[in-house]
Amino acid sequence: MSNETYTTYSTNKQDLILRDVLAIDRTAMTNESSLMAFTRTTLAIIGTAAAIYKFVPELQYLSYGLLLAAVITISFGIYKYLQKNKTLNTLVPEISSECP
């Protein structure tokens, strides 16, 4: 992922106006929300796999496939979260604590 999205923001904290700070905060909150959505999806997939394993034993391999899909889903979600979080932290580290 390139940093072209954030080129309008200065890396100097003193140059940021309130609108820029709020935009960065919204992006950080959206990033956390996306991670929670990946987590919810993973839990739903695990629940479906457990139900199939318990109630339809002849489809046992399907439940194993769903568990693999759950691991892939949460891994992708964590990867994307960390990638975006790293970008935001290099952009303006700890800006929220310095805002009025």
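What percentage of the 100 residues of the protein count as buried? In this predicted model, the share is 23%. The accessible surface of the protein amounts to about 7100 Å², and carbon and sulfur atoms account for 63% of that area.

The protein contains two helices and zero strands. Helix H1 covers residues 18–55, and helix H2 covers residues 60–91. Among contacts with a separation of 6 or more, 69% join residues that are 24 or more positions apart.

The largest nonpolar core consists of five residues, namely Leu16, Val21, Ile24, Leu88 and Leu91. Helix H1 and helix H2 are the elements that contribute two or more residues to this core.

Several residue pairs show how positions separated in sequence are placed in space. Ala37 belongs to helix H1 and is partly exposed, because its relative accessibility of 27% falls between the limits of 20% and 50%. The C-alpha atom of Ala37 is separated by 8.5 Å from that of Gly77, although the two residues are 40 residues apart along the chain. Ile78, in helix H2, is also assigned to the partly exposed class, with a relative accessibility of 40%. Between the C-alpha atoms of Ile78 and Leu35 the separation is 6.7 Å, with these positions 43 residues apart along the chain counted as their distance apart.

Thr42 is located in helix H1. Its relative accessible area is 7%, so Thr42 is classed as buried, the cut-off being under 20%. When neighbours within four places in sequence are left aside, Thr42 is in contact with Ala70, Thr73 and Ile74. Leu43, also in helix H1, is exposed at 56% relative accessibility. The consecutive positions 42 and 43 are thus assigned to opposite classes, because Thr42 is buried at 7% and Leu43 is exposed at 56%.

A buried position in helix H2 is Ser63. Ser63 has a relative accessibility of 1%, and therefore falls under the 20% limit for buried residues. Not counting residues up to four places away in sequence, Ser63 touches Ala49, Ile52 and Tyr53. The C-alpha atoms of Ser63 and Ala50 are 6.8 Å apart in space, and the two residues are 13 residues apart in sequence.

Three aromatic pairs are present in the structure. One of them is formed by Tyr53 and Tyr64, whose ring centres are 6.2 Å apart and whose planes are at 45°, a tilted arrangement. This pair links distant parts of the chain, with Tyr53 in helix H1 and Tyr64 in helix H2, eleven residues apart. Tyr53 is partly exposed, with a relative accessible area of 45%, and Tyr64 is likewise partly exposed, with a relative accessible area of 39%. Tyr64 also pairs with Tyr61: the ring centres are 6.0 Å apart and the planes are at 70°, so this pair is edge-to-face, the limit for that class being over 60 degrees. Tyr61 and Tyr64 are three residues apart in helix H2, so about one helical turn separates them. Tyr61 counts as exposed because its relative accessibility of 69% is over the 50% limit. Through ring pairs, Tyr53, Tyr61 and Tyr64 are linked into a cluster.

The residues of this cluster also take part in a nonpolar surface patch, which is made up of Leu43, Ile46, Tyr53, Tyr61, Tyr64 and Leu67. Together these residues have about 660 Å² of accessible area. Helices H1 and H2 each supply at least two residues of the patch. Among the members of the patch, Leu43 and Tyr61 are exposed, because their relative accessibilities are 56% and 69%, whereas Tyr53 and Tyr64 are partly exposed, at 45% and 39%.

Key:
Residues numbered from 1 in each chain as written. Predicted model: local features only at pLDDT ≥ 70, side-chain atom pairs only at ≥ 80, totals over all residues. Heavy atoms only, no water. Core = buried A, V, L, I, M, F, W, Y, C linked by side-chain atoms within 4.5 Å. Buried < 20%, exposed > 50% of the residue type's maximum accessible area, 1.4 Å probe, protein only. Helix = DSSP H or I, 4+ residues; strand = E, 2+ residues; numbered from the N terminus. Contact = heavy atoms within 4.5 Å. Areas by Shrake-Rupley, 256 points an atom, 1.4 Å probe, with all protein chains shown as cover. Phe/Tyr/Trp six-rings, centres within 6.5 Å; stacked < 30°, edge-to-face > 60°. Patch = residues over 30% accessible without salt bridge, like charges linked within 9 Å, V, L, I, M, F, W, Y side chains within 5 Å. Salt bridge = Lys/Arg side-chain N within 4 Å of Asp/Glu carboxyl O.
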